[in-house]
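Student: Could you take me through one part of this structure in detail? I would like to look closely at the aromatic rings and then at a spot beside them in the discussion.

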Amino acid sequence: DGTFSFFKQIDWNKTYFYEDLASAAIVPYGWNKLTIWVKDGNISLWINETFIGTVVDTEYTEGCVGIGMYEEDTAEKSPLLVDWATLEYTNTPPYPMP
């Protein structure tokens with residue numbers, strides 16, 4: 001629907017960096033590309049190559065990364081489709097930063 005949330009979860013406790021934030025970068029109900037770059041506790045986020053922002057989490061040292069989706073107020077279930085995913089290690093951001 002054009003909104004997203006970005007959070008960390010430890011033992012079922014969520015800490016939101018962005019919660020239900022609308023973005024014109026999102027293609028509602030379509031294919032979207034999510035890019036995340038982490039360096040020195042800074043987590044930068046792009047959606048469809050549009051810079052969304054950088055959050056700071058100096059406690060993050062290791063763990064799992066995942067994506068998910070949910071639908072509200074509906075009895076029907078829809079799959080989360082992922083076309084492909086890659087993991088790269090680099091010291092430079094994937095796109096220009098403002």
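Tutor: Happy to! This is a predicted model, and it holds six aromatic pairs. Let us take the one formed by F6 and F17, whose ring centres are 5.8 Å apart with 40° between the planes, a tilted arrangement. F6 belongs to strand 1 (residues 3–10) and F17 to strand 2, so this pair ties together parts that are eleven residues apart in sequence. The two partners are worth checking for accessibility as well. F6 has a relative accessible area of 15%, and it is buried because that value is under the 20% cut-off. F17, at 22% relative accessibility, counts as partly exposed. The pair also has company: F4, F6, F17 and Y18 form one aromatic cluster.

F4 leads us on to a serine, since F4 is among the residues in contact with S23. You will find S23 in the loop between strand 2 (13–22) and strand 3 (34–39). Although S23 sits in a loop, its relative accessibility is 16%, so S23 counts as buried. Within its own loop surroundings, the side chain of S23 reaches the backbone nitrogen of A25 at 3.1 Å. If we leave aside neighbours within four places in sequence, S23 is in contact with G2, F4 and I52. To put the two views together, F4 is a member of the aromatic cluster with F6, F17 and Y18, and F4 is also a contact of the buried S23.

Methods: Residues are numbered from 1 along each chain as its sequence is written. This is a predicted model: local features need pLDDT of at least 70, side-chain atom pairs count only at pLDDT 80 or more; totals for chains, interfaces and linings use all residues. Side-chain values use heavy atoms; hydrogens and water are left out. Helices (H or I, at least four residues) and strands (E, at least two) are DSSP runs, numbered from the N terminus. Buried means under 20% relative accessible area, exposed over 50%, partly exposed in between (1.4 Å probe, protein chains only). A polar contact is a pair of N or O atoms within 3.5 Å; within protein, one must be able to donate a hydrogen and the other to accept it, and residues adjacent in sequence count only if both atoms are side-chain atoms. Contact means heavy atoms within 4.5 Å. Rings of Phe, Tyr and Trp (its six-membered ring) pair if their centres lie within 6.5 Å; planes under 30 degrees apart count as stacked, over 60 as edge-to-face and the rest as tilted.
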